[in-house]
Amino acid sequence: MMQEAGFNVVRLAEFAWIFMEPEEGRFEFGWLDEALGILAAHGISAILCTPTAAMPAWVPRKYPEVMALQKDGTRLTWGVRKNNCFTSGTYRLLSERITRAMAEHFADTPNVIGWQTDNEFGHPFCYCPTCRADFQDWLRRKYGSLEELNRAWGTHFWGHRVTRWDEIVIPDNPEGHNPSACLDWQRYFSWLNVRFQRDQVRLLRAVCPRHFVTHNFMGLFPELNYYDLAEDLDFVSWDNYPVWGKPEVPYAASAAADLMRGLKRRNFWIMEQTAGPGGWGVFGRNPRPGELRKVAYQQLAHGAEGNLWFRWRTCTAGREQYWHGLLGHDGRGLRRYQEAAQTAQEYHRLAPELEGTTVEPQVAIIYDYDSLWALRIQPGFAGNSYTAAMQRYYNALFRAGVNVDLVRPTEDLRRYRLVLAPELHVLPDQVARRLIAYVEAGGVLLADCRTGVKDDTGLCHARTLPGLLSEMLGITIEDYEAVPEGVEFRLDWRPAEEGQAGSLPHAANQFTATQYVDWVTPQGAEVLAGYDEWYLRPFAAVTRHRFCGGTAYYVGTVVREPEFYDALIALLLESAGVKPLVQPPPGVEVSIRSGHGKRLLFLVNHTESAQTVKVPAGGTDLLTGEQTGETLTLPVYGVAVIKL
Ligand code: GAL
């Protein structure tokens, strides 16, 4: 059935440790050889997984200390998964042993093409004495001396100076412990996962040089620095489950795809794609007719190079009995199977055209884990979320039909015409200088609330906000306020002279400021919007400053209406000279893959009605083979790939 569907790769063995090492040091791979042989006979390749995300029962029986210790001092109970301590030398050794045994056994199996490390790194946090000692060692390496650590953490506050490394505790109370310590603990946890993966990757590379190594990431999952986790891999892959509540435009899946591509600035795979209703107890809705295919095409449009569904057949046993696959419990190839098969067959047809193409945006959003974490530890104002801030701008760019790269703060920004840096809360001086250099060289930059508050160690910069960016943005912020729920201010756009850039390309010019307000004093910047409230009238809400060759925008509040962000993005795009190729109707996504002299325009209709899109005439619709006219109509959940 897989072969008939057009599938050419499966992923195997991610939780099969007990079957490969039924008792310590005794390996059995015969069953997997047999499965691989069957697949090979049907022209199907395999990705194998190191099985360390679910340990056999004999592991904690023999070595109880490998189970992660919870905050309350009790160990996790064996029997779920992702429950090991990552500093445990025993666990690392056992992981190395099974990884080596697998690698040696399958290195020359012809249809094994690559590896997935573990499964969805990111859990659990462990609070055991080994983790504590390892954290102390990590800090010692990072800071070199206790004096430096005490300075970096500002431990004079509450008299929390430490005089020996072993006095340092795991800051397990993010609402009470020193925020700098909390930030370092999060960084340490991330590093710990990276180290665990690195041990496996080294081994796999040494034993299986012709195989790729990847890991299944989780999109916008916030616990790990995904740039670091991606570093050792050949490419990123990720698990995409966007079908849950009420059908709506899947902005987050789109942003996640752009981040996954941004981690290594190269195309990615989908290692698990929604195949049916998902849930461990209660299941979500069933993907509607056409939805699975359009979910897959959304990712293809953003640079996916491979697509595996999760799962093949719905399990009759275990915790995931209700996590539905392409086949139901009955194993029949019904609606979802057929839709996946249609997708696979179309992908085969598209493959030669896709070869050598990726998404090459002119716009980037900086996505920074330090800022994300620091804002989780201390959001500053109620409701503040780094990811939500990113999505306010991202969603507006999506609606404008513009591709975006999500990149790290130290990325080379010169290749972009427009860079958005929402809530770059942790702003080391060297990053601030890069942003300034970018604008000096002609770039268009946007910054907003709470930018530049902290330095790399989590101490507040002893500067007037926005610190080093002040001159470039042409503003100072001497005061600011959290806006409690139930309070809001009118924000008025102040249109510039008729016809000038700066006038809002939107009918409405009144919006609502919520959550937070910077009291922005222009120091050379133009005021594009201000507040109606009596005491806020002297201050700006949105500013623009021409600085050297470039332009820098600042938004000092959180605006309720998405239309505000649409209008702002239109202005920014105009400022940066970025012209969307297609202006999509609401709910239609536009993406372009290019390379090797080709340009492919993807259109994905996320709505449940037909949508007509104005497209460049004379292209080839690769799915129908027809020439495009002035417009193209996409059916419900319809997609098009147009070769321009
Ligand atoms: C993923 C995981 C899979 C499966 C799936 C459904 O997070 O990698 O193994 O558990 O979710 O729960």
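1. Let's start with Cys 449. In this predicted model, the sulfur of Cys 449 has its closest cysteine sulfur in Cys 460, 16 Å away, which is too far for a bond. Cys 449 is also buried, at a relative accessible area of 2%.

2. Cys 460 is worth a look next. The closest cysteine sulfur to that of Cys 460 belongs to Cys 182, at 14 Å, again too far for a bond. Unlike the buried Cys 449, Cys 460 is exposed, with a relative accessible area of 52%.

3. The overall tally is 0 disulfides in the structure. The cut-off for a disulfide is a pair of cysteine sulfur atoms within 2.5 Å, so the 16 Å between the sulfurs of Cys 449 and Cys 460 does not qualify.

4. Now to the ligand, where you may want to keep the residue list at hand. Around the ligand sit Phe 15, Arg 81, Asn 119, Glu 120, Asn 216, Asp 239, Tyr 241, Glu 272, Trp 280, Phe 310, Glu 320 and Trp 323. Sorted by class, this shell comprises 5 nonpolar, 2 polar and 5 charged residues.

5. Some polar contacts are easy to find in the viewer. Arg 81 places a polar side-chain atom 2.8 Å from a ligand oxygen, and an N or O atom in the Trp 280 side chain is likewise 2.8 Å from an oxygen atom of the ligand. For Glu 320, a polar side-chain atom lies 2.4 Å from an oxygen atom of the ligand. How much of the ligand does the protein bury? Taken alone, the ligand exposes 300 Å², and the protein buries 93% of that.

Terms used: Residues numbered from 1 in each chain as written. Predicted model: local features only at pLDDT ≥ 70, side-chain atom pairs only at ≥ 80, totals over all residues. Heavy atoms only, no water. Buried < 20%, exposed > 50% of the residue type's maximum accessible area, 1.4 Å probe, protein only. Near = heavy atom within 4 Å. Polar contact = N/O pair within 3.5 Å; in protein donor to acceptor, adjacent residues only side chain to side chain. Areas by Shrake-Rupley, 256 points an atom, 1.4 Å probe, with all protein chains shown as cover. Nonpolar A, V, L, I, M, F, W, Y, C, P; charged D, E, K, R; others polar.
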